[in-house]
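Thanks, everyone. I would like to spend a few minutes on one model, beginning with a strand and then moving on to the ligand.

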Amino acid sequence: MDVTPILDGLNDAQRQAVTSPPEPALIIAGAGSGKTRVLVHRAAWLIDVEGISPQSLLAVTFTNKAAAEMRGRIESLLQLPVKHLWIGTFHGLAHRMLRRHWREAGLPQNFQIIDSDDQLRLIKRLLKSLEIDDSLRVPKEVQWFINAQKDEGLRPKHIDDDGDPNRRQLISLYQSYEEICQRGGLVDFAELLLRAHEVLRDNAELLQHYRRRFQHLLVDEFQDTNAIQYAWLRLLAGDKGIPFVVGDDDQSIYRWRGARVEHIHRFQKDFPGTNIVKLEQNYRSTETILNAANAVIENNSSRMGKKLWTDGATGEAIKVYSAYNERDEADFVIGRLRDWINQGNVRADAAILYRSNAQSRVLEEGLVNARIPYRVYGGLRFFERAEIKDALAYLRLTSNRNDDSSFERVVNKPTRGIGARTVEMMRAYARANACSMWRAAGAIASDDLNGRAANAVNTFMSLIERMARETDGMDLHNKVDHVIHLSTLIEFFEKDKGEKGETRIENLAELVSAAKSFEPDPAEEMSPLDEFLSHAALEAGEGQADAWEDCVQLMTMHSAKGLEFPLVFMCGMEDGLFPHQRSLADPQGLEEERRLCYVGITRAMQSLYITHAEQRRLHGMDNFSQASRFIAEIPDDYIEEIRPRVQVARPMYSSRPTQRQRSATSSDNELGIRLGQQVRHKKFGDGVILNYEGQGAHARVEVNFESAGTKWLVLSYANLELM
Ligand code: ATP
Ligand code: MG
């Protein structure tokens with residue numbers, strides 16, 4: 001008999017995990033077997049049945065979205081709100097700790113988080129100031145190096161140059177970078193984790209406090225923790241803390257960011273007597289989808305090895321479509337999507353997954369034309385848009401004048417006559433006096449600059465002071481609104497007559513509404529503005545906030561981890577794209593790509609489409625590729641190949657009223673032709689259809705003729721013969 005509804009809807013193995021004794025536990029299980037569900041029920045069980053205070057739990061998940069979902073699910077199981085439960089991402093929780101203990105962490109109270117874009121810019125400026133040519137020292141490589149060291153928990157002083165001058169230079173750049181950040185009170189993503197670890201390690205009292213507080217540490221997606229995250233967990237757990245971690249070695253997909261699946265083995269050594277629970281029943285996918293996923297992942301050699309089963313339906317076959325090019329692929333996906341929506345399905349239940357963000361553009365164009373609402377996760381996220389970052393930079397300066405990143409971003413935006421030379425002088429001064437750009441600006445404006453330049457600098461500085469003064473005491477959203485108003489960014493973007501300028505202005509308005517709906521956490525001890533700015537920086541790492549509208553979901557396979565959808569499209573399944581070019585020669589890299597493919601397939605609940613294109617234009621280059629080797633790893637029994645429609649040998653014209661066609665991709669194929677089709681022209685000879693646009697008498701096609709090259713032809717005159 002169940003004592004509590006918390007155990008309802010769990011199978012035996014899941015119950016065993018949820019009710020396991022207060023000892024370290026490791027739940028290791030495949031996709032869709034209910035790991036996240038178990039974690040949620042465990043939290044509720046501890047609070048409701050074991051009588052543990054929500055304050056004593058720490059729950060870590062992989063994205064802010066997952067964290068919000070988890071809180072909601074725990075609350076609905078308990079039927080009461082759990083305010084003091086610490087639940088978030090590693091970064092979010094580390095940030096919270098640093099905000100509370102900025103002093104112990106050696107940070108200014110108003111420290112600011114910089115995202116990886118800001119970080120890269122800062123590194124570029126650093127290289128420039130040291131007169132290091134960025135062709136000799138690629139900024140991205142420096143960024144990569146610094147973050148990799150931090151992920152391993154290493155400061156410059158811990159790193160040996162092994163007598164290698166190249167390495168020595170990287171270490172010294174890391175050192176200089178650190179000084180700039182420290183001076184400006186800037187904290188990058190990797191720094192959040194490293195500092196949060198150091199602040200506990202180096203402050204015995206603080207560590208005692210948190211060890212006493214957090215009795216239970218729950219971690220989802222454990223396979224993707226990196227060294228510093230794991231070290232933080234261990235430190236926090238000490239001898240008495242009880243970690244409860246769930247994960248799947250087959251879904252470890254962040255090795256490239258320092259995640260180590262070996263932590264699963266390490267865990268069992270570090271926490272002797274760990275209870276291990278395996279879950280083997282999958283509740284998510286049809287048998288066909290599950291078997292396909294199992295067949296693919298079996299090709300990896302380094303696995304803990306487990307096999308999932310389901311007692312669910314066999315389900316339909318996985319559909320594989322070979323497209324001629326990326327537009328044809330998009331047309332196909334959208335056609336199927338439309339059919340599916342017309343059958344009365346909910347758009348948000350469909351996901352289009354791809355390997356690389358750049359693939360989304362063509363798909364988005366198609367969706368716009370077909371008027372299907374969609375939302376892109378990742379890619380250019382709201383808080384990463386240039387105009388949003390401009391507005392945020394002003395806001396950040398009102399909170400922290402020493403934020404050099406923000407200073408440089410807006411000192412001359414909108415243009416106010418502060419030229420590159422003036423900025424260069426400030427940089428030199430800041431470097432020589434080890435001070436912030438703000439102080440440097442003040443100093444050179446009064447001593448070194450000529451009247452006009454000095455005026456411009458003074459105007460900028462008094463603008464910031466005015467913003468700070470006038471918004472003091474205002475509500476957050478009024479503050480944001482007023483700062484945007486004073487910045488004259490809107491007037492600046494109004495000059496940009498095109499759609500782009502308009503979108504930017506809309507986005508700025510959206511920022512005010514984001515501020516309005518932002519709910520500061522009562523437990524946080526910082527100003528709502530600082531909290532909002534931190535939220536913006538952390539959020540920039542993932543999707544947009546309002547995910548619940550009924551839109552088709554577009555995202556990379558990486559961002560799809562942990563999610564599930566009744567209908568899934570996996571696009572761009574080509575060797576070189578997926579598996580990615582970089583990993584083809586590296587067996588470990590290839591295995592990681594295969595795990596990513598496993599993640600992709602196992603997102604699908606009922607229907608899965610896999611598409612690839614023979615020809616793809618990506619980053620301005622045309623690539624011709626073979627279907628991904630991962631497709632061949634799926635047994636034929638589970639696959640239904642979809643042949644391109646056989647076409648009638650005459651152009652058909654749409655009898656429907658003409659729709660406005662916004663780009664070259666037609667939303668469906670009213671013309672009766674298809675991309676990649678072989679055609680013959682009387683004069684130009686044989687060719688292949690590359691593209692088409694317009695309708696009726698205006699329909700045009702682009703044909704690549706073997707001898708005559710590429711031409712656009714009006715379909716009604718061209719008399720093309722379809723081959
Ligand atoms: P992933 O590895 O992808 O993160 P997971 O192991 O965390 O997957 P969940 O997301 O927790 O799996 O569960 C997958 C799906 O199966 C969810 O829709 C969940 O509600 C459902 N499910 C899990 N366990 C059961 C159960 N015992 N009875 C019914 N449905 C279940
Ligand atoms: Mg999960």
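Please keep in mind that this is a predicted model. Let me begin with strand S1, residues 25-29, which is mostly covered, since five of its five residues are buried. Looking at the side chains, you will see that Ala 25, Ile 27 and Ala 29 point one way, while Leu 26 and Ile 28 point the other way, and all of them are buried.

Which strands, then, are joined to S1 by bridges? One is S8, residues 275-279, which runs parallel to S1 and is joined to it by five bridges, with Leu 279 of S8 as the bridge partner of Ala 29. Another is S7, residues 242-247, also parallel to S1, with four bridges between them, and here Ala 25 has Phe 244 as its bridge partner.

Turning to ligand 1, there are 19 residues around it, of which Lys 35, Arg 37, Gln 251, Glu 564 and Arg 603 come nearest. The shell divides into 10 polar, six charged and three nonpolar residues, and helix H2, residues 35-48, provides its largest share, with three residues. Domain 1 (4-102 + 193-281) and domain 3 (318-380 + 547-642) each contribute at least three residues to this shell.

As for individual contacts, a polar side-chain atom of Lys 35 lies 2.6 Å from an oxygen atom of ligand 1, and a side-chain N or O atom of Arg 603 is 2.8 Å from an oxygen atom of the ligand. Gly 9 takes part through its backbone, where an N or O atom lies 3.2 Å from a nitrogen atom of ligand 1. Of the 640 Å² of accessible area that ligand 1 has on its own, the protein covers 84%.

How values were computed. Residues numbered from 1 in each chain as written. Chains lettered and ligands numbered in written order. Predicted model: local features only at pLDDT ≥ 70, side-chain atom pairs only at ≥ 80, totals over all residues. Heavy atoms only, no water. Buried < 20%, exposed > 50% of the residue type's maximum accessible area, 1.4 Å probe, protein only. Helix = DSSP H or I, 4+ residues; strand = E, 2+ residues; numbered from the N terminus. Pairing = 2+ DSSP bridges. Near = heavy atom within 4 Å. Polar contact = N/O pair within 3.5 Å; in protein donor to acceptor, adjacent residues only side chain to side chain. Areas by Shrake-Rupley, 256 points an atom, 1.4 Å probe, with all protein chains shown as cover. Nonpolar A, V, L, I, M, F, W, Y, C, P; charged D, E, K, R; others polar. Domains from an automatic or database assignment.
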